[in-house]
Amino acid sequence: MNRACIFPLAPLALAACQTTEGNYIQYHAGQDALTVAEHIANHVGTCWFGGGETAFAEYSYAPELSSPTRPRVLIVNKADPEGLPQLVIEVLKAKRGSDVRLFGPLMATGQAAAIQDDVMRWTGGAREC
């Protein structure tokens with residue numbers, strides 16, 4: 001995490017840094033959190049786990065959609081389903097729609113770019129894998 005992103009008297013630069021600083025990737029969606037989370041969860045299940053995607057062969061997913069303001073989808077190791085998630089796709093209620101955050105150890109692997117691309121498309125409402 002880079003904390004050297006503070007510019008004197010430059011609130012726009014600071015705001016821009018705040019959106020990229022942290023241990024997560026964030027996208028914005030115009031729909032409510034639960035609708036976006038359900039859409040993403042359905043595509044994670046279909047595209048990553050139902051379509052024979054070998055990159056996720058050692059993982060399973062657990063949609064946690066019971067919260068209307070902070071639903072999420074967890075990707076966990078099949079060998080340790082009660083262990084720490086390897087990827088969290090969290091959808092938070094925002095002023096105008098919702099924010100989708102991605103974080104976890106899988107975001108530091110070679111799969112990160114493909115994960116980001118898929119989730120960004122699904123956040124925007126894409127229906128294809």
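**View 1. R70, a partly exposed residue in the loop between β2 and β3.** R70 has a relative accessible area of 43%, and because buried means under 20% and exposed means over 50%, R70 counts as partly exposed. The model shown here and in every view that follows is a predicted one. R70 is found in the loop that lies between strands β2 and β3, and, when residues up to four places away in sequence are not counted, R70 touches E90, V91 and L92. A further residue to look for in this view is D99, which is 29 residues apart from R70 in sequence, while the two C-alpha atoms are 9.6 Å apart in space.

**View 2. The protein chain with its 3 helices and 5 strands.** Followed from the N terminus on, the elements of the protein chain come in the order α-β-α-β-β-β-β-α. The protein chain has 129 residues, of which buried residues make up 35%. Among the contacts in the protein chain with a separation of 6 or more, 46% are accounted for by residues that are 24 or more positions apart.

**View 3. The open sheet of 5 strands, with antiparallel pairing.** Across this sheet the strands follow the order β1-β5-β4-β3-β2, and the edge strands are β1 (25–29) and β2 (59–64), each of which pairs on one side only. From one strand to the next, the twist averages 20°. As general background, strands of a sheet pair through backbone hydrogen bonds, in either a parallel or an antiparallel way.

**View 4. Strands β3 and β4, paired in the antiparallel sense.** Strand β3 covers residues 72–77 and strand β4 covers residues 87–94, and the two are joined over 4 bridges. Within this pairing, I75 stands opposite L87 in β4, and V73 stands opposite I89, also in β4. Is strand β4 enclosed or open to its surroundings? Of the 8 residues of β4, 7 are buried, so β4 is largely enclosed by the rest of the structure.

**View 5. The hairpin of β4 and β5, with 2 residues between the strands.** Strands β4 and β5 pair in the antiparallel sense over 7 bridges. Two of the partnerships can be picked out by residue: V91 has V100 as its bridge partner in β5, and I89, which stands opposite V73 on the β3 side, has L102 as its bridge partner in β5. Strand β5 is mostly covered, with 5 of its 7 residues buried.

**View 6. Strand β1 beside β5.** These two strands run antiparallel, and 5 bridges join β1 to β5. One pair of residues to locate is Q26, which stands opposite R101 in β5. Strand β1 is one of the edge strands, pairing on one side only.

**View 7. Helices α2 and α3 packed on the sheet.** Helix α2 touches β1, β2, β3, β4 and β5 (97–103), and its direction makes about 160° with that of β4. Helix α3 also packs on the sheet, where it touches β1, β4 and β5, and its direction makes about 15° with that of β1.

**View 8. The crossing of helix α2 (residues 33–49) and helix α3 (residues 112–123).** Two packed helices are described by the angle between their axes together with the distance between those axes. Here the axes of α2 and α3 come within 9 Å and cross at roughly 135°, which makes α2 oblique to α3. The crossing of α2 and α3 is right-handed. On the side of α2 the contact is made by H39, I40, H43, V44, C47 and W48, and on the side of α3 by I115, D118, V119, W122 and T123. By character, the residues of this contact divide into 7 nonpolar, 3 polar and 1 charged.

**View 9. H43 and its surroundings in helix α2.** Is H43 buried or exposed? Its relative accessibility is 10%, and because buried means under 20%, H43 counts as buried. When residues up to four places away in sequence are not counted, H43 touches W48, W122, A126, R127 and E128. Two of these, W48 of α2 and W122 of α3, also belong, like H43 itself, to the contact between the helices.

Terms used:
Residues numbered from 1 in each chain as written. Predicted model: local features only at pLDDT ≥ 70, side-chain atom pairs only at ≥ 80, totals over all residues. Heavy atoms only, no water. Axes fitted to C-alpha atoms, helices over the stretch in contact; angles between N-to-C directions. Parallel < 35°, antiparallel > 145°, perpendicular 65-115°, else oblique. Left-handed = near helix turned anticlockwise from the far one by under 90°. Contact = heavy atoms within 4.5 Å. Nonpolar A, V, L, I, M, F, W, Y, C, P; charged D, E, K, R; others polar. Buried < 20%, exposed > 50% of the residue type's maximum accessible area, 1.4 Å probe, protein only. Pairing = 2+ DSSP bridges.
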